[in-house]
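Here are my notes for you, written as numbered points. Keep the model open while you read.

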Amino acid sequence: MHSGTGRATAHLAATGQTLRVRAGLTEPTMDILIRWIAAFALVTATYNPTDLNYVRWAVAQWESATPLVVLLGLLLLVGYIIFLRATLRSIGLFGMALIAAIFAALVWVLFDYGLLQLDNRGLQVWLGLLAMSLVLGIGLSWSLVRRRLTGQVDVDDIEEN
């Protein structure tokens, strides 16, 4: 047994922590992936280039199902508030802009090397949705990433009334 592995196992045992593995991925990795999938589902459920999205459905159903359109719109709004609040608290506006800039630079590199063509409007929309979901997913997961990189644990602010 490698001594580093033994020390990590001893530390986990001493602190009562467990490290579970799902399909070859550690639990924190799965948690990050699940958060990104949830962010991707939120932004693509709201709008995407197909006909299967809230915006197109709401426009088509406004006259016949106004209460349902409003209810589902409010539920989406709650999702955005949760995701944006957590993202702003964890990485802030600067972090959000930095992640978006990194994604934009990656797209630029892929385009510049001829690996990506941007003449398709649908692809442009999907890339924008991917960028938004990455910003929200990373924002939701930043505490997990930070803890894995630095070993430091974030503690939420406690509001006293």
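The points below go from the whole protein to one helix pair and then one residue.

1. First, the ground rules: this is a predicted model, where local features need pLDDT of at least 70, side-chain atom pairs count only at pLDDT 80 or more, and totals for chains, interfaces and linings use all residues. Residues are numbered from 1 along each chain as its sequence is written, and side-chain values use heavy atoms, with hydrogens and water left out.

2. The protein has six helices and two strands, taken as DSSP runs (H or I, at least four residues, for helices; E, at least two, for strands) numbered from the N terminus. From that end, the order is α-β-β-α-α-α-α-α.

3. Of the 161 residues, 24% count as buried, meaning under 20% relative accessible area with a 1.4 Å probe, protein chains only.

4. Now look at H4 (residues 66-90) and H5 (residues 92-112): their axes come within 6 Å and cross at roughly 100 degrees. Axes here are lines fitted to C-alpha atoms over the stretch in contact, and angles run from 0 to 180 degrees between N-to-C directions. H4 and H5 are therefore roughly perpendicular, the label for 65 to 115 degrees.

5. Who makes that contact (heavy atoms within 4.5 Å)? Leu84, Thr87, Leu88 and Ser90 do so from H4, and Gly92, Leu93 and Met96 from H5.

6. Ala86 also sits in H4. Leaving out residues up to four places away in sequence, Ala86 touches Gly139 and Leu140. The C-alpha atoms of Ala86 and Trp142 are 9.5 Å apart, with their positions 56 residues apart along the chain.

Terms used. Angles under 35 degrees count as roughly parallel, over 145 as roughly antiparallel, 65 to 115 as roughly perpendicular and the rest as oblique. Contact means heavy atoms within 4.5 Å. Buried means under 20% relative accessible area, exposed over 50%, partly exposed in between (1.4 Å probe, protein chains only).
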